[in-house]
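Please read this briefing alongside the sequence and the coordinates, which are shown just below. The points that follow are grouped by topic, after a short lead.

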Amino acid sequence: MAVVYGYSAMEQRKDMWKKLQSLAPGKQPWLISGDFNAILTPQDRISKVPVTLANIHDFAEWYHNLYLTEIPCRGEYCTWTKKQQGDDRVRSRLDRTFGNNCWMMQHGHLTVNFKDPFISDHTPMLIPITQPTTNIKVPFRFFNVWADHSEFPHIVAVGWNQNHVRGRMKSIWYKLKELKLRFKQLNKEEYKGVTERIDQARNKLKSIQVQMHNQYTDSLGDQERDCLQQLESWSLIEESILQPKARANWIQLGD
């Protein structure tokens, strides 16, 4: 598998096409995916500036020389926008996934799902691949976002000042257990709705972006900007919660 992040300059991409062609594995399955920073057909860009043959020639030549097939996809056709205002707004299909003949023979049933862009300029790509699931008991984890809560010092003080006359080490164990219960309660009361709030913000943003796709107005552009700021704020909280989970999974499962 190859992941691509294309150069923005056309001349730099010429070397990229040559290098990618040299990486082709021949008779082995090959999947190549990413932001190519180039368009393949004139229909891949919506802009007041017309598409020229030079814009598509190198990409199309590389694509046909390697006999690649684009993986079937679901979702919005255009995958990138700079979110400009008015007539300056440009939308392009820059993100794609291809497979060679061997890949398509073995995995031709797979599809690429283009998700909602939300705060990003690009539309994320998801390629679902069925894998065996393993039931893993998730241990208690401390989320850094709790430390920013105004009640955090009080919770720690109350939990740690509990008297346990069972020996020094056992007393510490009971104090930690008490804090664990209090942190779980804090998480339930204050942060349980974070995912729902993010989903609400995303749904609102999606609705605005659909309206902008049909007919752009500056008012919708302002609504999109406000919604992006709100979503970014909640996403920072979500990121603080997800980071330790991802780290723990990586330690346990590896790459």
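**Briefing on the predicted model**

With a relative accessibility of 22%, Asn37 counts as partly exposed, and this residue sits in the loop that runs between β2 and β3. The model is a predicted one, and its protein chain holds seven helices and ten strands. Of the 255 residues in that chain, 33% count as buried.

**Overall character of the chain**

- The accessible surface of the protein chain amounts to about 16,800 Å², and carbon and sulfur atoms account for 53% of that area.
- Among the contacts in the protein chain that have a separation of 6 or more, 66% come from residues that are 24 or more positions apart.

**Strand β8 and its partners**

- Strand β8, which covers residues 95-99, has five of its five residues buried, so it is largely enclosed by the rest of the structure.
- In a regular strand, side chains alternate between the two faces of the sheet.
- Both faces of β8 are covered, since Asp95, Thr97 and Gly99 on one side are buried, as are Arg96 and Phe98 on the other.
- Strand β2 (residues 31-35) runs antiparallel to β8 and is joined to it by five bridges, with Ile32 having Phe98 as its bridge partner in β8.
- Strand β4 (residues 69-70) also runs antiparallel to β8, here through two bridges, and the bridge partner of Thr69 in β8 is Gly99.

**Thr69 in strand β4**

- Thr69 lies in strand β4 and is partly exposed, because its relative accessible area is 31% and the partly exposed class lies between under 20% and over 50%.
- Once its neighbours within four places in sequence are left aside, Thr69 is in contact with Tyr63, Thr97, Phe98, Gly99 and Met104.
- The C-alpha atoms of Thr69 and Asn101 are 7.5 Å apart in space, although these two residues are separated by 32 residues in sequence.

**Two open sheets of three strands**

- One open sheet places its three strands in the order β3-β7-β6 with antiparallel pairing, and its edge strands, β3 (45-46) and β6 (80-81), each pair on one side only.
- Within that sheet, β3 pairs with strand β7 (residues 91-92) in the antiparallel sense over two bridges, and Arg45 stands opposite Ser92 in β7.
- Another open sheet of three strands follows the order β5-β9-β10 and has mixed pairing, with β5 (73-74) and β10 (125-126) as the edge strands, each of which pairs on one side only.
- In this sheet the pairing of β5 with strand β9 (residues 112-114) is parallel and spans two bridges, and Cys73 stands opposite Val112 in β9.

**Cysteines and disulfides**

- A disulfide is a covalent bond between the sulfur atoms of two cysteines.
- The structure holds zero disulfides.
- Cys73 counts as partly exposed, at 35% relative accessibility, whereas Cys78 counts as buried, at 8% relative accessibility.

**Positive phi values outside glycine**

- Asn37 has a phi near 55°, which is a positive value in a residue other than glycine.
- Phe118, found in the loop between β9 and β10, likewise has a positive phi near 55° and is a residue other than glycine.
- Phe118 is buried, because its relative accessible area is 15% and the cut-off for buried is under 20%.

**The helical part and the largest nonpolar core**

- The largest nonpolar core has 20 residues, of which Val145, Trp146, Phe183, Tyr191, Leu205, Ile208 and Leu231 touch the most other members.
- The elements that give two or more residues to this core are α4 (152-160), α5 (168-191), α6 (194-214) and α7 (218-253), and α6 gives the most, with six residues.
- The unreviewed UniProt entry lists residues 184-211 as "coiled-coil region".
- In the model, the span of residues 184-211 is 93% helix and 0% strand, and its end C-alpha atoms lie 40 Å apart.

Key: Residues numbered from 1 in each chain as written. Predicted model: local features only at pLDDT ≥ 70, side-chain atom pairs only at ≥ 80, totals over all residues. Heavy atoms only, no water. UniProt positions renumbered as here; feature names shortened; annotations may be inferred. Helix = DSSP H or I, 4+ residues; strand = E, 2+ residues; numbered from the N terminus. Pairing = 2+ DSSP bridges. Disulfide = S-S within 2.5 Å. Buried < 20%, exposed > 50% of the residue type's maximum accessible area, 1.4 Å probe, protein only. Contact = heavy atoms within 4.5 Å. Areas by Shrake-Rupley, 256 points an atom, 1.4 Å probe, with all protein chains shown as cover. Core = buried A, V, L, I, M, F, W, Y, C linked by side-chain atoms within 4.5 Å.
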